[in-house]
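Visitor: I am new to this structure and should like to learn how to read its features. May we go through them one at a time?

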Amino acid sequence: MTSTLTGAPVSPGRVAGVVVTMPPPVPEPPTTRLPADDVEDAVERLGAAARAVQERLTEQAGRLSGTAADVLAVTAAMAADPTLAAESERRIRDDALTPERAVWDAAGGLATQLEKLGPPLSERARDVRDVRDRIVAELTGARPPGVPEPGHPFVLVAEDLAPADTATLDPETVLGIVTSEGGPTSHTAILARSLGIPAVVAVTGADALTDGETVLVDGGAGSVVRNPDPEAVAAASHREAARRFHGPGRTADGVHVQLLANVADPDGARVAAEAGAEGVGLFRTEFCFLGRAAEPSVAEQVSAYRRVLAAFAGRRVVVRTLDAGADKPMGFVTADDEPNPALGVRGLRTAVGHADVLDRQLEAIAEAAAAEEAEVWVMAPMVATSEEARDFVAACAKHGLEQAGVMVEVPAAALRSRWIFGHAAFGSLGTNDLIQYTMAADRMLGELAALSTAWQPAVLDLVRATCEGAAVHGRPVGVCGEAAADPALAPVLVGLGVTSLSMTPRALGDVAAVLAATTSGECAELARIACAQPDAETARAVVRGRLQPLLDELAL
Ligand code: PEP
Ligand code: MG
């Protein structure tokens, strides 16, 4: 019988597939003593298990690329670590422990020592525990940790995903993601969007989903249908094929609206390029820094940036400088004791105390840009004043980065747009934060979802104000917040004066289809109508009503 579970929609797209659940944590082995005769055999079994884990991870890393390959290669090397092997063996010989208990204790001791050393070595503690679990699983027959590899495409069901798990997700085989925990802006949600994998998080009843059952995941509606009827499954596959984007983005009367992608890492850039994105409107560089206690070196940054730029030779890539703070704390620039981090020293504000970090990042961006063919633009997050814009543009110019712009995500910047664009070469509306600060509604709180929408007329007014101020200086303004991926809102944003929309690659086809059927005059009219409404719900309903035949035709 068909039944539907609901959760928070975080990455659009409708897919059907077979459920594969994340394995539960590897259980701690009991402290069992071995008979003296079994010691040699135990040492041998330990060595064989460690080798098997190392070989499997190396082989897996060889099939992946970018961050995923790096993460697995580090874990593979750790499996062959001589200290871990020697410590485990000593515990088998001296304490007559089983090999699984010996490696458990040895790795635990090693991880604790690393943690005491502080960053960057303490970051390795997680890898040690990961490799410990893999060796124990190999010895005991338990399911190994990490994203399963069943050998066929599947819908991944988990409580939540750790950053290391998300780094190894292969969008070719993971059709969709369903989690029982997590919020709309969780790490899982952002990565799913950047890889274009439909995802629903905080799904009530997700724990009951079992391996092998078929589900239909609707990442736009936030639903997971168990036992879907075969027509719905066929329609989902058909729609996936139909929604492909064949750029460039244009209105019905031929006005070019650049349709760009938001990316976080080289894998995401590859997915975006394959989806036909005209360029990258937001490269969130902080995702190359996530989980790092120390600032990555310039060389490491250059290498990560180059891999993203390489996917877009000849096309524009807007690189955003480090957006640390609030939901993305980074110990080397942000404090962990701010009473209100969303209003704290975050984004460009961290450059006041850490001008050197910004300077090294700009150096790395300039070096990567010089080595690749992409057209590189740079922008700063969380700009609030024209002085900040001026100083950032000057800092970029020192590195020869001429196309320097700002994100408009603080209401003050929108209201003083005319002054900001006296300095900035372009603007990009970060509607996720612009909504949060305009409506005074924490973007992480599901309870405030009704307030947290770009359909709020107050937010639309600020979008218009930004575009009008920028037009005084002939500067282009795009949108790179999640609002750009709403196909019904896209023509409204264009009508307000926005000239590019940057979104998760999967949304490109839908947004392009709506724009292609709407003239620029109609966009202006929809914008006027939306701003004239008393509240967000009415604005959305009235605009969707106007577009209804088209939205029905496109099943949006
Ligand atoms: C935004 O605020 O809309 C934005 C694009 O930036 P982030 O979501 O990374 O804060
Ligand atoms: Mg933001």
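Visitor: In β7, which residue is the bridge partner of Val-15?

Guide: As a general idea, strands of a sheet pair through backbone hydrogen bonds, either parallel or antiparallel. In this model, which is predicted, the bridge partner of Val-15 in β7 is Val-217. The two strands concerned are β3, residues 14–21, and β7, residues 214–218. They pair in the antiparallel sense, over 5 bridges.

Visitor: In which sense do β3 and β4 pair, parallel or antiparallel?

Guide: β3 and strand β4, which covers residues 154–158, pair in the parallel sense over 3 bridges. Within this pairing, Val-20 stands opposite Leu-156 in β4. Strand β3 therefore serves to illustrate the general rule that pairing may take either sense: antiparallel with β7, parallel with β4.

Visitor: Which strands close into a barrel, and in what order?

Guide: The barrel consists of 8 strands in the order β9-β10-β11-β12-β13-β14-β15-β16, and their pairing is parallel. From one strand to the next, the twist averages 30 degrees. One pair may be examined in detail: β15, residues 477–479, is joined to β16, residues 500–503, by 2 bridges. There, Val-479 stands opposite Leu-501 in β16.

Visitor: Which strands does helix α13 lie across?

Guide: Helix α13, residues 386–398, lies across β12 (375–380) and β13 (404–408). The helix runs at about 145 degrees to β13.

Visitor: Where is Ala-369 placed, and with which residues is it in contact once its neighbours within four places in sequence are left aside?

Guide: Ala-369 belongs to helix α12, which spans residues 355–371. With those neighbours set aside, Ala-369 is in contact with Leu-309 and Val-376. For a view across the chain, one may take Pro-9, 360 residues apart from Ala-369 in sequence; their C-alpha atoms are separated by 35 Å.

Visitor: Let us turn to the ligand. Which residues come nearest to ligand 1?

Guide: There are 14 residues around ligand 1, of which Arg-284, Arg-320, Gly-430, Asn-432 and Arg-443 come nearest. By character, the shell divides into 3 nonpolar, 4 polar and 7 charged residues.

Visitor: How is a polar contact with ligand 1 to be read, for example at Asn-432?

Guide: One looks for the distance between polar atoms on the two sides. A polar backbone atom of Asn-432 is 2.7 Å from an oxygen atom of ligand 1. For Gly-430, a backbone N or O atom lies 3.3 Å from an oxygen atom of the ligand. Glu-409 offers its side chain instead, with an N or O atom 2.9 Å from an oxygen atom of ligand 1. Taken alone, ligand 1 exposes 290 Å², and the protein buries 99% of that. The elements giving two or more residues to the shell are β10 (279–284) and α16 (431–439). The largest share, 3 residues, comes from α16.

Visitor: Finally, what should be noted about the backbone at Pro-248 and at Asn-227?

Guide: Most residues other than glycine have a negative phi, and most peptide bonds are trans. The peptide bond from Gly-247 to Pro-248 is cis, with omega near -5 degrees. Pro-248 lies in the loop between α8 (230–242) and β9 (258–263). Asn-227, although not a glycine, has a positive phi of about 50 degrees. Its place is in the loop between β8 (223–226) and α8.

Key:
Residues numbered from 1 in each chain as written. Chains lettered and ligands numbered in written order. Predicted model: local features only at pLDDT ≥ 70, side-chain atom pairs only at ≥ 80, totals over all residues. Heavy atoms only, no water. Pairing = 2+ DSSP bridges. Helix = DSSP H or I, 4+ residues; strand = E, 2+ residues; numbered from the N terminus. Axes fitted to C-alpha atoms, helices over the stretch in contact; angles between N-to-C directions. Contact = heavy atoms within 4.5 Å. Near = heavy atom within 4 Å. Polar contact = N/O pair within 3.5 Å; in protein donor to acceptor, adjacent residues only side chain to side chain. Areas by Shrake-Rupley, 256 points an atom, 1.4 Å probe, with all protein chains shown as cover. Nonpolar A, V, L, I, M, F, W, Y, C, P; charged D, E, K, R; others polar.
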